[in-house]
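Here is a small set of exercises with worked solutions for you to follow in the viewer. Have the sequence open too, and try each task before reading on.

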Amino acid sequence: MRVPTYNPADCFVAIDFETANSSRDSACAVALITVRGTEIVDRTSFLIKPPQPEFEFCHIHGICREHVADQPAFGELWPQILARLEPAAFIAAHNAAFDRAVLLACCETNGLIPPPLSFLCTLQMARAAPWRLNPANLPAVCQFLSIPLDHHRAESDAEACARIVIAARQTGIELDRFIQRPDSSGGSPAPGVIAAPPPVRAIVAQLDRLGELKSQRDGLAAEKEARIDQAVTPEVKAVLAAIDAEFTHKEEGLRVDIEALEAEVKAGVLGYGETVRGKYLSAQWVSGRITWDRRGLDGYGRQHPEVLQFRREGSPSVRLQPLRRGNQEPEDAG
């Protein structure tokens with residue numbers, strides 16, 4: 001089958017999901033921005049009632065359970081979402097691995113089959129030539145391109161992503177090399193199937209990069225404290241404020257990059273199905289949650305309360321743990 005080439009006249013849709021919790025099917029908001037050429041022709045956004053009641057990320061996006069209690073579920077909104085996706089040559093997202101996983105998980109939960117569309121990741125594009133941005137989180141790219149942003153608001157994030165692609169088109173950047181195509185076998189993907197798992201070496205490289213980012217974050221924190229300790233008099237309050245602003249910007253960039261890379265690593269290891277170890281971190285694949293159970297231990301447990309049974313239940317998950325230097329074994333969780 002001929003591999004398609006995407007041209008600047010193609011219609012595309014920029015998408016952004018916000019999730020209520022760590023479950024990929026917990027979308028509580030979605031925004032879709034339709035672009036033809038270099039012009040935005042449609043802006044659409046929805047609040048979504050997720051299938052679970054738990055809201056862990058209210059502090060990030062400001063959406064709480066009461067905001068979506070009377071909103072439709074993803075399955076009810078799907079005809080409207082699909083109508084905007086189907087004409088697109090590709091879907092754009094900043095950290096496309098996350099938004100693609102949310103889209104597929106929501107479809108799987110609702111018994112829907114998503115269209116076999118290609119995804120363009122503006123995070124990867126911003127890291128590459130000619131921009132070579134680092135960090136390449138959405139606030140950093142928007143600052144570089146002078147794009148307005150109200151971060152973690154789906155409408156603003158999706159439009160910012162759309163404008164990044166528009167800027168790339170206007171700059172003459174070849175988008176084709178950043179587009180991840182669906183399975184080329186010709187058939188529609190089964191609901192929930194994201195892609196073949198990446199080679200283990202790629203996951204190790206991501207783990208190493210994640211460890212480096214966390215090390216940089218810790219180094220920034222230590223340097224910040226040292227700088228503050230040198231400025232302890234009332235006269236240096238202005239200096240302290242400037243230092244705090246400088247490091248807050250750097251720390252936010254690292255935090256967003258770390259969260260994005262953690263999501264990519266976990267998705268890769270979850271598909272790989274085995275624990276992967278890098279130089280700094282171990283991505284431990286576990287078959288389910290551990291829950292403690294005293295059943296059958298009532299009599300013995302009264303004399304030996306330290307004895308507990310445990311079992312695994314629920315869906316597989318991935319846990320990231322730092323490694324002890326020298327022996328490459330995970331540190332105790334603390």
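**Exercise 1: Helix 4**

Helix 4, residues 96-109, is 14 residues long, and its first and last C-alpha atoms lie 20 Å apart, close to the 20 Å expected at 1.5 Å a residue. The expected span is 1.5 Å times one less than the number of residues. Helices here are DSSP runs of H or I with at least four residues, strands are E runs with at least two, and both are numbered from the N terminus. Before you start, note that this is a predicted model, in which local features need pLDDT of at least 70 and side-chain atom pairs count only at pLDDT 80 or more, while totals for chains, interfaces and linings use all residues. Residues are numbered from 1 along each chain as its sequence is written, and side-chain values use heavy atoms, with hydrogens and water left out.

*Task.* Decide whether helix 4 is mostly covered or mostly open, and find what covers its buried residues.

*Solution.*
- Step 1. Take buried as under 20% relative accessible area, exposed as over 50% and partly exposed as in between, with a 1.4 Å probe and protein chains only.
- Step 2. By that measure helix 4 is mostly covered, with 11 of its 14 residues buried. Among them are Phe98, Arg100, Leu103 and Cys107.
- Step 3. Look for the neighbours, using contact in the sense of heavy atoms within 4.5 Å. The cover includes strand 1 (11-19), strand 2 (27-36), helix 3 (74-85), strand 4 (90-93) and strand 5 (118-121).
- Step 4. Go past the end of the helix: Gly111 follows helix 4 and has a positive phi, near 70 degrees.

**Exercise 2: Cysteines**

*Task.* Count the disulfides, then check Cys107 and Cys161.

*Solution.*
- Step 1. A disulfide is a covalent bond between the sulfur atoms of two cysteines. The test used is a pair of cysteine sulfur atoms within 2.5 Å.
- Step 2. By this rule the count is zero. Cys107 is in no disulfide, and its nearest cysteine sulfur, in Cys106, is 7.1 Å away.
- Step 3. For Cys161, the closest cysteine sulfur belongs to Cys121 at 8.2 Å, which is too far for a bond.
- Step 4. Add the accessibility: Cys107 is buried at 0% relative accessible area, and Cys161 is buried at 1%.

**Exercise 3: The cavity**

*Task.* Which helix gives the largest share of the lining of the largest cavity?

*Solution.*
- Step 1. On a 1 Å grid over the protein atoms alone, a cavity is a set of points where a 1.4 Å probe fits but cannot get out, and lining residues have an atom within 4 Å of a point. Grid points are joined across faces, edges and corners, and the volume is the space filled by probe spheres set on the points.
- Step 2. The structure holds one cavity of 30 Å³ or more, and the largest has a volume of about 40 Å³.
- Step 3. Its lining includes Arg24, Asn95, Phe98, Ala101 and Glu264. Helix 4 and helix 9 (237-272) each supply at least two lining residues.
- Step 4. The largest share, four residues, comes from helix 9.
- Step 5. Check the span of helix 9: its 36 residues should cover 52 Å at 1.5 Å a residue, and the end C-alpha atoms are 51 Å apart, which agrees. Just after this helix, Gly273 takes a positive phi of about 85 degrees.

**Exercise 4: Two loop residues**

*Task.* Where do Tyr280 and Ala136 lie, and is each one buried or partly exposed?

*Solution.*
- Step 1. Tyr280 sits in the loop between strand 7 (276-277) and strand 8 (281-286). With 35% relative accessibility, Tyr280 is partly exposed.
- Step 2. Leaving out residues up to four places away in sequence, Tyr280 touches Asp208, Gly211, Glu212, Gln321, Pro322 and Leu323. Tyr280 and Glu212 are 68 residues apart in sequence, yet their C-alpha atoms are 8.0 Å apart.
- Step 3. Ala136 is in the loop between helix 5 (122-127) and helix 6 (138-145). Ala136 is buried, at 1% relative accessible area.
- Step 4. With the sequence limit of four places applied again, Ala136 touches residues including His94, Leu123 and Asp257. Ala136 and Val256 are 120 residues apart in sequence and 8.9 Å apart, C-alpha to C-alpha.

Methods
On a 1 Å grid over the protein atoms alone, a cavity is a set of points where a 1.4 Å probe fits but cannot get out, and a pocket is an open set with protein on both sides within 12 Å along at least five of seven lines; lining residues have an atom within 4 Å of a point.
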